[in-house]
Amino acid sequence: MIYLDNHATTRLDPRVLEAMLPWLTDRYGNAGSVTHEMGREARAAVEDAREGFAAVVGAVAREIVFTSGATESTNLAILGTASRPRSGAGPGHVITVATEHHAVLDPVAHLERQGLAVTRLPVVGQADDGVPGRVRMADLEAAFRPDTFLVSVLLANNEIGVIQEVTEIAARVHAHGAVLHVDCAQAVGRMPVAVDALDADLASFSAHKFHGPKGAGAVYVRRRGRAIRLDPLVHGGDQERGMRSGTLDVPGIVGLAAAARLAAEGLDAEGPRMRILRDRLWAALSARIAGLALNGPALDATDGSGAAVRLVNNLNVGVPGVDGQSLLAALAADGLAVSSGSACSAESPRPSHVLLALGLDEDQARASLRFGLSRFTTADEIDEAAARIAAGVAHLRSL
Ligand SMILES: Cc1ncc(COP(=O)(O)O)c(C=O)c1O
């Protein structure tokens with residue numbers, strides 16, 4: 001099996017497993033049981049992890065709330081902000097982007113069903129001038145209302161890898177007195193992430209996207225300067241300062257912090273390496289498959305400030321003249337783990353909402369492949385994957 005589906009999840013790094021193992025075996029104390037040594041050592045491990053993780057993402061320890069992953073983090077950030085008391089007239093208004101992950105779109109839709117107003121911003125289309133997938137600042141400005149209290153944007157998209165101009169978005173959100181949540185799930189280990197530099201108020205993270213364990217995540221809740229308050233979704237033992245009750249998953253939290261540290265330490269070497277392999281995959285595929293289209297921003301594009309506009313590990317291509325479902329089935333049978341869109345919606349036959357928002361039609365969106373590389377991807381795997389995909393496409397086109 002050649003695994004190129006690292007936007008869906010990543011392999012647990014053996015060094016992370018090693019850091020977690022004592023907390024899964026001998027050191028099983030409850031981090032809330034501080035009356036005895038085993039509880040206290042678990043508590044100390046959690047607080048070390050909190051400090052370490054905070055340092056990696058540009059936060060301070062007291063701003064980190066541990067959760068079960070990015071879906072819980074986005075729900076806590078969005079619903080926990082919305083249920084706070086608000087002053088002023090109007091039902092309350094939330095702005096998000098049409099191409100967000102469902103972990104954001106669905107809690108926002110839940111608020112809409114409860115009577116709040118929602119704007120889902122369009123993005124620059126594939127055929128438009130500008131960076132495909134980015135939000136236009138004019139659209140954002142036009143969306144604000146007097147009762148806008150929350151804006152939620154993805155730092156880096158999980159399908160087309162586009163990186164939003166979050167700092168610029170933050171300035172506009174704050175000028176309108178609203179709170180900014182940034183879904184950073186895909187960014188760690190693939191680009192520098194600093195919540196203070198982004199000027200985010202809330203940010204969501206997930207360990208399994210950067211070689212940590214599944215079921216461990218965090219939400220950043222700004223305390224410095226503007227202090228943000230959230231109502232909890234889960235009530236109980238008052239863990240995590242009452243924002244997320246429940247016995248802490250000590251191994252998961254230790255794994256999250258270890259994985260984040262490795263991601264930060266490795267980024268300078270792993271980022272360029274993934275970029276080279278990703279570009280090699282695109283070169284090999286486009287040389288062999290006639291009419292292959294790139295979905296999302298140009299691979300080497302930078303913006304006015306010289307910053308990359310696409311994640312180094314992401315590729316998304318459209319394969320004209322084949323049926324998308326048949327192509328995915330053929331590639332899976334050939335030992336390739338790739339997808340046509342978000343893993344969380346892969347079971348539904350609907351085409352990717354991200355590709356539709358770029359202006360692709362349903363057939364084009366269905367006949368698209370998303371690749372995500374990781375620190376474990378090798379050049380041999382890239383060459384072999386390209387050969388298998390080209391052969392699969394040639395076969396389907398010959399039928
Ligand atoms: C951008 C983005 N946000 C949120 C999530 C949800 O993360 P988790 O699997 O930790 O709930 C994902 C995972 O697919 C994602 O890619």
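Which residue forms a salt bridge with Glu384, and how far apart are the closest N and O atoms? In this predicted model, the partner of Glu384 is Arg388, and the closest N and O atoms of the two side chains are 2.8 Å apart. Both residues belong to helix 12, which spans residues 379-398, and because they are four residues apart they are separated by about one helical turn. Glu384 itself is partly exposed, with a relative accessible area of 36%.

This pair belongs to a wider set of charged contacts, since a search of the whole structure finds 28 salt bridges. Among them is the bridge between Arg134 and Glu165, in which the closest N and O atoms are 3.7 Å apart. Arg134 is placed in the loop between strand 4 and helix 5, while Glu165 is placed in the loop between strand 5 and helix 6, so the pair ties together parts that are 31 residues apart in sequence. The two partners are described by separate accessibility values: Arg134 counts as buried, at 5% relative accessibility, whereas Glu165 counts as partly exposed, at 25%.

A further salt bridge joins the side chains of Asp201 and Arg222, at 3.4 Å from N to O. Asp201 lies in the loop between helix 7 (195-198) and strand 7, and Arg222 lies in the loop between strand 8 and helix 8 (250-288), so that parts 21 residues apart in sequence are tied together by the pair. Asp201 is buried, with a relative accessible area of 0%, and Arg222 also counts as buried, at 8% relative accessibility. Elsewhere, salt bridges link Asp13, Arg15, Glu270 and Arg375 in a network.

Several of the strands named above belong to an open sheet of seven strands, arranged in the order 2-8-7-6-5-3-4 with mixed pairing. Strand 2 (64-67) and strand 4 (117-121) stand at the edges, and because each has a single partner strand, one side of each is left without a neighbour in the sheet. On average, and with direction ignored, neighbouring strands of this sheet are turned by 20° against each other. Within the sheet, strand 5 (residues 148-154) pairs with strand 6 (residues 179-183) in the parallel sense over five bridges, and Asp183 in strand 6 is the bridge partner of Leu154.

Helices are also found against this sheet. Helix 2 (residues 37-56) packs on the sheet and touches strand 2, strand 7 (202-206) and strand 8 (217-221), with a direction that makes about 115° with that of strand 2. Helix 6 (residues 166-175) lies across strand 5 and strand 6, and runs at about 155° to strand 6.

Aromatic rings add a further kind of contact, and the structure holds one aromatic pair. The pair is formed by Phe53 and Phe205 in an edge-to-face arrangement, with 5.3 Å from centre to centre and 85° between the planes. Phe53 lies in helix 2 and Phe205 in strand 7, and the pair thereby links distant parts of the chain, 152 residues apart. Both Phe53 and Phe205 are buried. Other rings are met by charged side chains: the charged end of Arg86 sits over the ring of Phe149, 4.0 Å from its centre, and Arg11 lies over the face of Phe376, at 4.3 Å from the ring centre.

Finally, Asp139 is found in helix 5 (residues 137-143) and counts as partly exposed, at 25% relative accessibility. When its neighbours within four places in sequence are left aside, Asp139 is in contact with Leu121 and Pro122.

Conventions: Residues numbered from 1 in each chain as written. Predicted model: local features only at pLDDT ≥ 70, side-chain atom pairs only at ≥ 80, totals over all residues. Heavy atoms only, no water. Helix = DSSP H or I, 4+ residues; strand = E, 2+ residues; numbered from the N terminus. Buried < 20%, exposed > 50% of the residue type's maximum accessible area, 1.4 Å probe, protein only. Contact = heavy atoms within 4.5 Å. Pairing = 2+ DSSP bridges. Axes fitted to C-alpha atoms, helices over the stretch in contact; angles between N-to-C directions. Phe/Tyr/Trp six-rings, centres within 6.5 Å; stacked < 30°, edge-to-face > 60°. Lys NZ or Arg CZ within 6 Å of the ring centre and 35° of its normal. Salt bridge = Lys/Arg side-chain N within 4 Å of Asp/Glu carboxyl O.
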